[in-house]
Amino acid sequence: MDFAATEAVVGIDVGSTEIKVLVADRAGVVLSLRRTPTQWHRTADGHSELPAGLLLERVLSAMTDAVQVAERSAGALRVVSAAITGMAESGVLLDRGGEPMHPVIAWFDQRGGAELAALPADLAGEFSAHTGLPLSPLCSFAKLGWLVGRGLPPQRAGTWLNVPEFVAHALGGRPVTEPSLASRTGLLDQVTEQPWDPALEHLALPAAVLPPLTTAGTPIGTVDHPGAPEAVRGAVLTVAGHDHPVASVASGVWHGEHLFDSCGTSEALLRVASAPLRDEQRRRLTAEGVAQGLHVLPGRRLLLGGTRGGLLLDQVLALLGRKDQPARAELDRDWLARTPDPGSVRITGAHARSEHVDVRLGGDDATPLDVWSAALAHAMAETDAVIALMAAEAGPHEHVTAAGGWTRMGSFRAVKERSLPAVRYARIDQPSAYGAAIFAARAAAHGDGDTALSAVDIARRFTEHTLDPIGAEL
């Protein structure tokens, strides 16, 4: 053993657009961050999927690059633990021999819609109340229904693993089900926190197809894959969970009644709740596109909704010819100097279920600043509506933290602070990958025998200086 080696943790974020691997030292200082495109394959009929083995190869490639960059800056490196977060809904069914039975279907793929429409009325009627999810093709249940309907033999099935769980298992960990990921499958009963038998019976899958629920940050084995870098071999493995709550932990969102606003292309709104909801509350929320599930932190639950406000803003910038950074910065400065009224500009769409947004100019005298004001106001109104839905069922939030690329624009922050006056801003780059590193550090501590150290304890230490006051530059 090289006693001079820098001890490090690795956070892996398997996202729908990119796979990101972050290496940090045990104090949380980032040593490297590397990324590679996920690169879904488009099928002849327009679907998006990726062979499980190829997905793993891309993770290993990004991991190798990240470790090499860290070694160039920090010298000899010994990775003590690695954690995997990433997209939910997508996953793979392994047969009883542990081999993938199908490619990984992208979470946004619409396969399964026809199978959902053909569900028995009683199953369809109870789905959302039990699972906490809208009955839509996004959930794993719909994708599994499509696979079984196309000839996948359920009697050969051994284990369902969501993407982060599959990567952890392929690297050397035992198969587990992390609660926040399980909550996005449509196979977990939110009341009993056990497999929901009616869904599995409909698919002709046994309850054992879901491995035991295992809290994020729990050690599940060590890295022994021959394709892993030498510095990572033997590192403790864990699953960090669904990327949205993992990013919220990295951004300082740890307690009940806290709202996390992830301001990206799709504006994700995550509300931490300290108490479970009733069946009728889940029905009302899911009818409006808001899901309820288990958190990555034990003893907490979450509500997850969103809008397409970021997509709206991006399209408006393109319409105005202001997508490049200098032009965007100029628009931002001009808006802050004048704070114009939206005037006659009218915009529709941008809610979570809208397929497009519509910008309409009510007159010929609308300026680019008027249009930008209208876009900001409409995006915030859509966000406020989702927040109000959550508050109606779970009570008002007590704290709010925002993160993401749009918070770097002063005009966006100014309008955000009108609706959320007490908002704080997280300035972590790649919060999902950094959050995974936090859970890796928790697994390393448990592997060292410090079982009392929680992910929140480590997050406090890692993120002590990562929250900005209102209006501070990022």
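**View 1. Ala-287, an exposed residue in helix H9 of this predicted model.** Ala-287 sits in helix H9, and its relative accessibility is 54%. Because the cut-off for exposed is over 50%, Ala-287 counts as exposed. Ser-248 makes a handy reference point: Ala-287 and Ser-248 are 39 residues apart in sequence, and their C-alpha atoms are 25 Å apart in space.

**View 2. The buried side of helix H9.** Helix H9 covers residues 279-287, and here we look at Gln-281, Arg-282, Leu-285 and Thr-286, which are buried. Those residues span an arc of only 125° around the axis, so they end up on the same side of H9. What do the buried residues of H9 pack against? Their partners are two helices, H3 (121-131) and H12 (368-394), along with two strands, S15 (291-294) and S16 (301-307). Just after H9 comes Gly-289, with a positive phi of about 85°.

**View 3. Helix H9 against helix H12.** Now for one of those partners, H12. The axes of H9 and H12 lie 10 Å apart, and the packing angle is about 175°. That angle makes H9 roughly antiparallel to H12. On the H9 side, the residues to pick out are Gln-281, Arg-284 and Leu-285; they meet Leu-389, Met-390 and Glu-393 of H12. Sorted by class, this contact has 3 nonpolar, 1 polar and 2 charged residues. Gln-281 and Leu-285 turn up here, and both are buried as well.

**View 4. Helix H11 against helix H13.** Here is another helix pair, made of H11 (residues 325-338) and H13 (residues 410-419). Their axes are 8 Å apart and the packing angle is about 45°, which makes H11 oblique to H13. Which residues of H11 meet H13? Asp-332, Trp-335 and Leu-336 do, and across from them in H13 are Gly-410, Ser-411, Ala-414, Val-415 and Arg-418. The class count for the contact of H11 with H13 comes to 4 nonpolar, 2 polar and 2 charged residues.

**View 5. Strand S2 with its neighbours S1 and S3.** Is strand S2 largely enclosed or largely open? Of its 8 residues (18-25), 7 are buried, so the rest of the structure largely encloses S2. Strand S1 (residues 6-14) pairs with S2 in the antiparallel sense, over 7 bridges. Val-14 has Ile-19 in S2 as its bridge partner, and a hairpin of 3 residues takes the chain from S1 to S2. Strand S3 (residues 30-37) also runs antiparallel to S2, joined to it by 7 bridges. Look for Glu-18 opposite Pro-37 in S3. The hairpin of S2 and S3 has 4 residues between the strands, and Gly-28 in this hairpin has a positive phi near 95°.

**View 6. An open sheet of 3 strands, with helix H1 packed on it.** The strand order is S4-S5-S8, and the pairing is antiparallel. Strand S4 (41-42) and strand S8 (104-105) are the edges, each pairing on one side only. S4 is joined to strand S5 (residues 48-50) by 2 bridges, and the two run antiparallel. Within this pair, His-41 stands opposite Glu-49 in S5. Helix H1 (residues 52-74) packs on the sheet and touches S4, S5 and S8; the direction of H1 makes about 70° with that of S5.

**View 7. Glu-115 in helix H2 and its contacts.** Helix H2 spans residues 113-117, and Glu-115 is found there. Leaving out residues up to four places away in sequence, Glu-115 touches Gly-145, Trp-146 and Arg-150. For Leu-144, the C-alpha to C-alpha distance from Glu-115 is 9.7 Å, while the two residues are 29 residues apart in sequence.

**View 8. Ala-204 and Gln-430, two loop residues with positive phi.** Neither of these is glycine: phi is near 60° for Ala-204 and near 55° for Gln-430. Ala-204 belongs to the loop between helix H7 (197-203) and strand S12 (236-242). With a relative accessible area of 49%, Ala-204 is partly exposed. Gln-430 is in the loop between strand S20 (424-426) and helix H14 (431-447). Is Gln-430 buried or exposed? At 18% relative accessibility, Gln-430 counts as buried, because the cut-off for buried is under 20%.

Notes
Residues are numbered from 1 along each chain as its sequence is written. This is a predicted model: local features need pLDDT of at least 70, side-chain atom pairs count only at pLDDT 80 or more; totals for chains, interfaces and linings use all residues. Side-chain values use heavy atoms; hydrogens and water are left out. Two strands pair if DSSP finds at least two bridges between them. Contact means heavy atoms within 4.5 Å. Axes are lines fitted to C-alpha atoms, for helices over the stretch in contact, and angles run from 0 to 180 degrees between N-to-C directions. Buried means under 20% relative accessible area, exposed over 50%, partly exposed in between (1.4 Å probe, protein chains only). The arc is that of the directions from the helix axis to the C-beta atoms. Angles under 35 degrees count as roughly parallel, over 145 as roughly antiparallel, 65 to 115 as roughly perpendicular and the rest as oblique. Ala, Val, Leu, Ile, Met, Phe, Trp, Tyr, Cys and Pro count as nonpolar, Asp, Glu, Lys and Arg as charged, and the others, Gly among them, as polar.
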